[in-house]
Amino acid sequence: MTTLVAAHGVEYEFGGRIRLRGREILNTMKQTRRPRPDARPTSAPATPAAGLPARMLAYRVIEEVLRSRKPLDDVFEAQAGTAGLEPRDAALARAICIVAFRRLGTIREALRARLKEEIRDGRMFAIYATGAAQILFLDVPDHAAVATAVDIANAERGLARYAGLVNAVLRRFVRERDDIIARADPLADIPDWLAGRWLAAYGREAVVAMAGAHRREAPLDVTVASRPEEWAARLDARILPTGSLRLASRMAVRDLPGYDEGQWWIQDAAAAIPARLLAAKPGERVADLCAAPGGKTAQLATTGASVVAVDRSAKRLVRVKDNLGRLGLEADVRVLDVLAMGGEERFDAILLDAPCSSTGTLRRHPDVAWTKTPEDIAKLAELQARLLDKAAAMLAPGGRLVFCTCSLEPEEGELQAASFLARRPGFERIPVRPEEVGGLGALLTAEGDFRSLPHLATAPGMEGGLDGFFAARFRIS
């Protein structure tokens, strides 16, 4: 049976379930029986090991993501589309990729401690990462992880001479697994440049806690159109203080009650807050700028407002339209660059979910830590400023504007909001009140903006945390 799970508003189809070692659980595919404690991998087999296609796909995706810095989701979709794997094998490949990037720093440090020379070939690192991710964190047979890594080395041009070394190093990982995991520093799984930024912004205690949160899979949250108490009971979920529903466990989404009837949609609890802060009213003309994947568009459409949803990606807007159709909601969906919108457009309220570094979503997209750079943050901050100015110019007199990003970077949050107010004296901040975020005052900055951090569980029922998110609210004064 195919299983549908969701991450950051995007649904993925997997088959069955796979379990992570230790206390980290990833419900994505059928659990494979773990080998006996005394089992040890043998030397490289003469014929390819079973399960090689799944591991080969994972290897190719990991190598391409690290080399090209493209998003894991995009690379995996393209590579899996040509691999022709069964759903179960594709699920294993994706699980390997996710955990490899989630614990890439741990894997890298363990390799450095066990190799005499630095790995200079990105393909070799990807082979090691593919094997080590399974050995250290996935509940699959160790001998299969080692043997398939050897097969990949033998299959890659110029790497066959390293097959014996791959075999020896990964067998050592098997023997020393407990020690590797015990010694792993949470901050090792964050690139140095990013850890340095967070330490400066939030302090060591918070960053260590965030790093720990990033090692765990994010919970599955949904937003309901109405009757939250009823749907909490039917979905085996709890109602969070912020209003979202958090499911007790990850399940086959399309099989859950209410999916086909369009009673709810997947949306992280933090991502659901900005649209609520806009407080759209029936009859208002509202714009959702950079709208995909569409959770906020759906929220705005349920208010009775006339919603215009704009995004430059035609492909991503297909999902927005599909979801609106399933939910029985209407919006004027436009494939358009926000910066190219006509000057005659005027709106009573605008929600700008601006393109950003996405560093607040590492629980769902761990590759972000390893594909973004400080230069990316600077470029995105500049784009956000231009989008903010464009949105401000499209507001009707007295109009409201909510700016938000799924980023932990101050340049894409607090500093961006301050800069906007400094260059736009005709606008004022509307501080967010604690009761607008479930009474959780810890989610508000001193200025009154919304700021969630991945490790925060500030009240009963918030266990599992939130994505890192920022939102500021303005109006024409």
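Helices and strands are taken here as DSSP runs, numbered from the N terminus. In this predicted model, Asp449 falls within the loop that connects strand E12 (427-429) to strand E13 (450-452). Despite its place in a loop, Asp449 has a relative accessible area of 2% and is buried, because burial is assigned under 20%. Its side chain reaches a partner there: a polar contact of 2.9 Å links the side chains of Asp449 and Arg429. Arg429 also appears among the residues in contact with Asp449 once neighbours within four places in sequence are set aside. The others are Ala417, Leu443, Leu444, Phe470, Ala471 and Ala472.

A second buried site is found in helix H6 (residues 142-155), which contains Ala145. The relative accessible area of Ala145 is 1%, so this residue counts as buried too. Arg55 lies 90 residues away from Ala145 along the chain, yet the C-alpha atoms of the two are separated by 8.2 Å. Arg55 is also one of the residues that Ala145 touches, leaving out those up to four places away in sequence. Gly131, Gln134, Ile135 and Leu170 complete that set.

Helix H9 (residues 192-202) offers a pleasant example of a two-sided helix. Its buried residues are Leu194, Ala195 and Trp198. These residues lie on the same side of H9 because the arc they cover around the axis is only 100 degrees. Asp192 and Ala200, by contrast, are exposed on the other side of H9. The cover over the buried residues of H9 includes two further helices, H10 (204-214) and H15 (368-371). After H9 comes Gly203, with a positive phi near 90 degrees.

Attention can now turn to strand pairing. In strand E3 (residues 221-224), Asp221 and Thr223 point one way, while Val222 and Val224 point the other way. Residues on both faces of E3 are buried, Asp221 and Thr223 as well as the two valines. Strand E3 has antiparallel partners in E5 (residues 245-247), to which it is joined by 2 bridges, and in E6 (residues 264-266), with which it pairs over 3 bridges. Val222 takes part in both pairings: its bridge partner in E5 is Leu245, and its bridge partner in E6 is Ile266.

Technical notes: Residues are numbered from 1 along each chain as its sequence is written. This is a predicted model: local features need pLDDT of at least 70, side-chain atom pairs count only at pLDDT 80 or more; totals for chains, interfaces and linings use all residues. Side-chain values use heavy atoms; hydrogens and water are left out. Helices (H or I, at least four residues) and strands (E, at least two) are DSSP runs, numbered from the N terminus. Buried means under 20% relative accessible area, exposed over 50%, partly exposed in between (1.4 Å probe, protein chains only). A polar contact is a pair of N or O atoms within 3.5 Å; within protein, one must be able to donate a hydrogen and the other to accept it, and residues adjacent in sequence count only if both atoms are side-chain atoms. Contact means heavy atoms within 4.5 Å. The arc is that of the directions from the helix axis to the C-beta atoms. Two strands pair if DSSP finds at least two bridges between them.
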